[in-house]
Amino acid sequence: MSDALKHDPSLTVPASTPTAPRGDRGGSLGVARNLGLVVALIVLCVVGVITAGDRFASTDNLVTILRLAAVLGVVSIGMTFVITGGGIDLSVGAILALSSVWATTTGTQDMADSIGWIAMVFSAVLVGTACGLINGLLIAYGRVVPFIATLAMLASARGLAELIADRKTQIITNQGFTDFFGAEPLGIPVIVIIFALVTLGGWFLLNRTTFGRRTLAVGGNPEAARLAGIKVQRHTVYLYTLLGATCGIAAVMLMSRTTTGSSTHGAQLELDAIAAVVIGGTLLIGGRGTVVGTLFGVLIFTTLTNVFTLNNLSTSTQAVAKGVIIVVAVLLQQRIANRKT
Amino acid sequence: MSTIHHRRRRGLALVGAFAAATLVLGACTNGSGDDDSNSNVSKSNTDNDKTGDKVVIGFSAPAADHGWMGAITKAAKAQAKQYDDVELNVAEGTNDVNLQISQVETFINDKVDAIVLLPFDGAAMTAVARKAMDAGIVVINVDREFNSPFAARSTVLGDNYGMGVSAGTFVCDDAKGAKGKKVAEIAGIDSLPLTQDRSKGFADALKKCGLKVDNRVAAEFTVESGEKAASNLLQAAPKIDYLWNHDDDQGVGVLAAIKNANRDEFVMIGGAGSANVMRDIKADNTVLKATVIYPSTQAADGIKLARLIVQGKSMSDLAEIEVPRQIKLAAPVVTKDNVDTYIKSAFES
């Protein structure tokens, strides 16, 4: 970690300085950092228009892309905070599965029928938050390495989901729930609106609040952060809990999309989320994070998928393209960032 | 001296070029061999085959992570190619319901005439299939059933319960009323209703002759999971008389585990009906003595039905004017005696 720190000049700025060029507030640097992503997204869109024409450049298709992006997007925003804070979380897909299963058991659905569908939303978010809290406590106070703690959560949350659901798919019968989340006010699906709100909230939290600055400080140099008076352990717990909550929200979104809860939901979501965050420009070792970059990362992945679907190309080719894009985007960003600083 | 060097170098370059060419060729042939080489679909030789209005069909299925699923897509593509009036849009296979939903949404945006859908999870795809139906698109549900009758115009199903019954009946016949035979079962993905149906059919058929499943493990339809599940099972059961394995693709792993454990005291029955397994049955030199067919041409049937419905045709061998709402395919047992009939329709795993 310290080796990597030496290579990045921006990280030698004292962690507690609020004017440090981090997050998205770095002015021209922020733009430069996202430039590679903007170019990649534009190239993808051009390819989409050339190969699929109106089928790509239509409002319906845009909505389709955003709907596909929503679940991954919300989790990735949460992941941005954990990675910026110097951690990693491999359990997001499993937490999503557990939340979706917990919120769709006959017990929860009975409750939803009597007091309203909000009970299902509440229980999904609560379960996600609780899992995140456990992750955070294990990592901050139990001193378990994040990789291991969340790997354990991955296994046990999915296992618990399978136990609760008896490995069956649980169907949502509550009409109020499906009606609310399936609605499209002004042509915009509710889950896309949620995605937008979470992104805005995430951006504000990371760039305009003490919480955000502390996150950058904790990820950049925990020791300096501690000396600056930040309660590093407590803050770490907050970060994982926040991610758990976004997993719960994502579970609600996937529940509305599939009208089911299932222990197979969110398979390999962690890899996509981490990839989206990293190509977005958030440093994997922490200390620098960008919500806007993550948004671009998510959009690049989903647009890529959409262009491939429109052109009947295989998912295997798509996986290769995804790998290439990750490497190219990261290389591009490094070049641009090095030139500017 | 230098010319010798030169020649040697040129020789090396030639060898290198040759190796590279072989690699590239190999990669290409692997890819193209995927298409429709040995597919076993045919037209029906009726008036229905006459070229009619153009039909655009969207097709989506789970990832082809094992032979049967690969054969499904291959047969669907081959079937579509048989007709000049069918244009097939194939969305590549995925096990991510979120992505599969998005594929169907793309088909709806494209205003296709019909969608043939083999869902990764029937329940999870119901809402979006319903949306397609509401948009006036003919949806044909294949293999894994939706949970709403409004979500599909017609459904093509394999007989999973029937597969279990076929396998169980074969065991009963072979045991000839002997009691106390040890029966083991290696199931597929337990969370899928189709696996539960197969197991139920097997148990019900065994009950008829006083037998029961003594050991049961679940694998995940893949070779790796089959090997793992089988080696655990063989550890747990020192003596077995009959073993039913739900799926011939995971069966490759199961057979490997059996070989590693040096076991041959039992009769093994397969499931799905891969060409490998049928060749083994024909050769009659392994524990495999039978398999139960689960047709890999279901999606091809789906394509044919979609075309008929969109063109307003009926099924020529039925008196009905409309194509039926549901078609359930048979699950016959293949043994050494009848293997020649079925090996033509078997899929390569």
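The questions and answers below concern the domains and one sheet of chain B in a predicted model.

Residues are numbered from 1 along each chain as its sequence is written, and chains are lettered from A and ligands numbered from 1 in the order in which they are written. In this predicted model local features need pLDDT of at least 70 and side-chain atom pairs count only at pLDDT 80 or more, while totals for chains, interfaces and linings use all residues.

Reader: How far apart do the C-alpha centres of domain 1 and domain 2 of chain B lie?
Author: Domain bounds come from an automatic or database domain assignment. For chain B, domain 1 is 47-157 + 297-317 and domain 2 is 160-293. Their C-alpha centres are separated by 31 Å.

Reader: How many residues does each domain of chain B give to the contact?
Author: Residues are in contact if their C-beta atoms, placed from the backbone, lie within 7 Å. By that criterion, domain 1 of chain B gives five residues and domain 2 of chain B six residues.

Reader: Which are the edge strands of the open sheet in chain B?
Author: Strands are DSSP runs (E, at least two residues) numbered from the N terminus, and two of them pair if DSSP finds at least two bridges between them. Six strands of chain B form the open sheet, in the order 7-6-8-9-10-12 with mixed pairing. Those pairing on one side only are strand 7 (213-218) and strand 12 (333-334) of chain B.

Reader: Which residue stands opposite Gly271(B) in strand 10 of chain B?
Author: Strand 9 (residues 267-272) and strand 10 (residues 288-293) of chain B run parallel and are joined by five bridges. Opposite Gly271(B) in strand 10 of chain B is Val292(B).

Note on methods
Contact = placed C-beta atoms within 7 Å. Helix = DSSP H or I, 4+ residues; strand = E, 2+ residues; numbered from the N terminus.
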